[in-house]
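Q: Could you take me through one part of this model up close, the cysteine link, and then walk outward from there into what sits inside the protein? Keep it casual; I have the coordinates open.

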Amino acid sequence: MPSASSSTVTRRTVLLGGAAALATTALTTGTGLAAPARTEVFTLGVASGDPIPDGVVLWTRLARDPRARQGGMTERAVDVDWQVADDERFSRVRAAGRTRTGPDGGYAVHVEVGGLPAGGTFFYRFGALGRISPAGVTRTAPSPGAMAPLTIASASCANYEHGYFTAYRHMAQEQPDLVLFLGDYLYEEAAGTFRARSGNPRSYGNAEPTTVEGYRHRYALHHADADLQAAHAAAPWVSVFDDHEVANNWAGAHPETPQPGFLARRAAAFRAWYENMPVRLPQRPQGATIQCFRRLTWGATATLHMLDTRQYRDVQPCGDAYPSSCAGRTDPTRSITGGAQERWLVDGFRTSRARWDVLGQQVFFSQLDLAPGPPRGFDVDAWDGYPVERDRIVAAWQQARVRNAVVLSGDVHTHYLADVHARHDDPGSPVVGTELVSSSITSEGDGSDRSAKVTEALARNPHVRYGIDRRGYVTARFTADELRASVRVVDRVSTPGAPIRTAATFTVGDRTPGLRAAAGPGSTETVLERHGRR
């Protein structure tokens, strides 16, 4: 029986090194997983996701050449071994097994591991075709009654062409408990279609995808990125899609512009999304439908209501003009979630006993007047296109006596933090929740601390307490007593390796809704002053 290798794989190596750092390390254990020190079929890294108290999903996808069709894989079937261990040396293996993959599934692997202790931290890896994968770190959710702190990093909008994924690397170094990815994991436009303000330092190098193979190629380029690999290996992810995983601004069965065969394209995109995300079997699509909305818990601390605001929505009003307003916008029959999902969400409010109820979803939830008007103008692709349903949802969490409501959003390529009022168009109504909007990982390029669009948005929307047009993510730490949210930004993505900084920090107290600027260096107050707001 082989013994553990004397080459140590440290937690720092796991978090920072990615596949390259582990490629020179041979790992062997007494459970039969042995390999020479090479990782050619694991060029896309490893990931985990959707943790529950006794388990988690493990993911990888085999590829010899990420840019080649089917990743350069030709085998009809491949056996893949997996291990979960208590330590980074894999000397205390807690669970192990074997599964099989092949071309029909894009050589992706999903393993739903069960029987693990609640609230634990574990190391995992895969082996196949005489190769060993890089190791990842994952966690199980705490037991239902545990008031365990929860740190979430929320992110969205990673356009490969618009810059380097430096923010992902910093996210990995922070070692959050969970990463919530809120949509636009990739972009579907043909290479070079849209240029970032700071230029496009990278290229997808191909036409707009419409088939499974086309979308698989885009995901492979992303997964091959070392910074993204580090973020996936550092923590379990909970992921939902937005529009660009399929096509820009699609709504239900309707594309932005008429195109034949859109549902077939949607089916292909859903299939590729499932193949490339660490999600569970219920999220496996059935043709052009997929069960994306779902609920997870983190002990007694948080209930996560993950939404799908694309698949069931009515078509955007006002011809989807940006910005715009029209009578159709306030039609009470129109929905962004669809009736079944709205009922599911309201039922979740009623049954949740968590300290914090968190809505993880794609698009700006609060009202955001974008026009100097009158008349006013809104992004009708966001909740501003469906304000009556938004009011119903806010009323529902109040009626259900949700203790603390927090909405995590993405999509707009700008960090915004907002107070949610009982009536969206009445800034004098009570504050009943909080919205944290994460900017993009790369989309639109470098950005700036002071931009006209942010200054104007803050001036017209007093409930929006903070904004900055930089790339990055938001960290939110939930405890029994407070939510502490930090806006993490990088000043450039047009070149790799930019440092990370905290642009602002806000807190929200238990049962005291309303964002409060944190004191100390990097506090928000001075940034608000720069924008002319206190």
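A: The link of C318 and C326 is left-handed, with -90 degrees about the S-S bond. This is a predicted model, and in it the sulfur atoms of C318 and C326 sit 2.1 Å apart. The structure holds one disulfide, by the way. A disulfide is a covalent bond between the sulfur atoms of two cysteines.

How covered are the two ends? C318 comes out as partly exposed, at a relative accessible area of 22%, and C326 is partly exposed too, at 29%. The cut-off for buried is under 20%, so C318 with its 22% does not count as buried. For a contrast, look at two other cysteines: C157 has 0% relative accessibility and is buried, and C292 is likewise buried at 0%.

Now on to the interior. The largest nonpolar core has 73 residues, and Y168, L180, L436 and F478 are the ones with the most contacts inside it. Helix 5 (residues 262–276) supplies the largest share of this core, seven residues. A separate core of 34 residues lies apart from it, with I393, A400, V402 and A405 among its members.

Two of those well-connected residues are worth a click. L180, once you leave aside its neighbours within four places in sequence, touches I152, A153, S154 and A155, and is also in contact with V238, L304, M306 and L408. Y168 belongs to helix 2, where it is buried along with T166, A167, R169, H170, M171 and A172. That makes helix 2 (residues 166–174) mostly covered, with seven of its nine residues buried. Just after helix 2, Q175 takes a positive phi of about 50 degrees.

Last stop, the empty space. The structure holds five cavities of 30 Å³ or more, and the largest cavity has about 90 Å³ of space in it. Its lining is made of 13 residues, and S366, Q367, V420, H421 and H424 lie nearest the centre. Helix 7 (387–399) and strand 16 (415–421) are the elements that give two or more residues to that lining. By class, the lining of the largest cavity is mixed: four nonpolar, five polar and four charged residues.

Notes:
Residues numbered from 1 in each chain as written. Predicted model: local features only at pLDDT ≥ 70, side-chain atom pairs only at ≥ 80, totals over all residues. Heavy atoms only, no water. 1 Å grid on protein atoms, 1.4 Å probe; cavity = no way out; pocket = protein on both sides within 12 Å on 5 of 7 lines; lining within 4 Å. Points joined across faces, edges and corners; volume = space filled by probe spheres on them. Helix = DSSP H or I, 4+ residues; strand = E, 2+ residues; numbered from the N terminus. Nonpolar A, V, L, I, M, F, W, Y, C, P; charged D, E, K, R; others polar. Disulfide = S-S within 2.5 Å. Buried < 20%, exposed > 50% of the residue type's maximum accessible area, 1.4 Å probe, protein only. Core = buried A, V, L, I, M, F, W, Y, C linked by side-chain atoms within 4.5 Å. Contact = heavy atoms within 4.5 Å.
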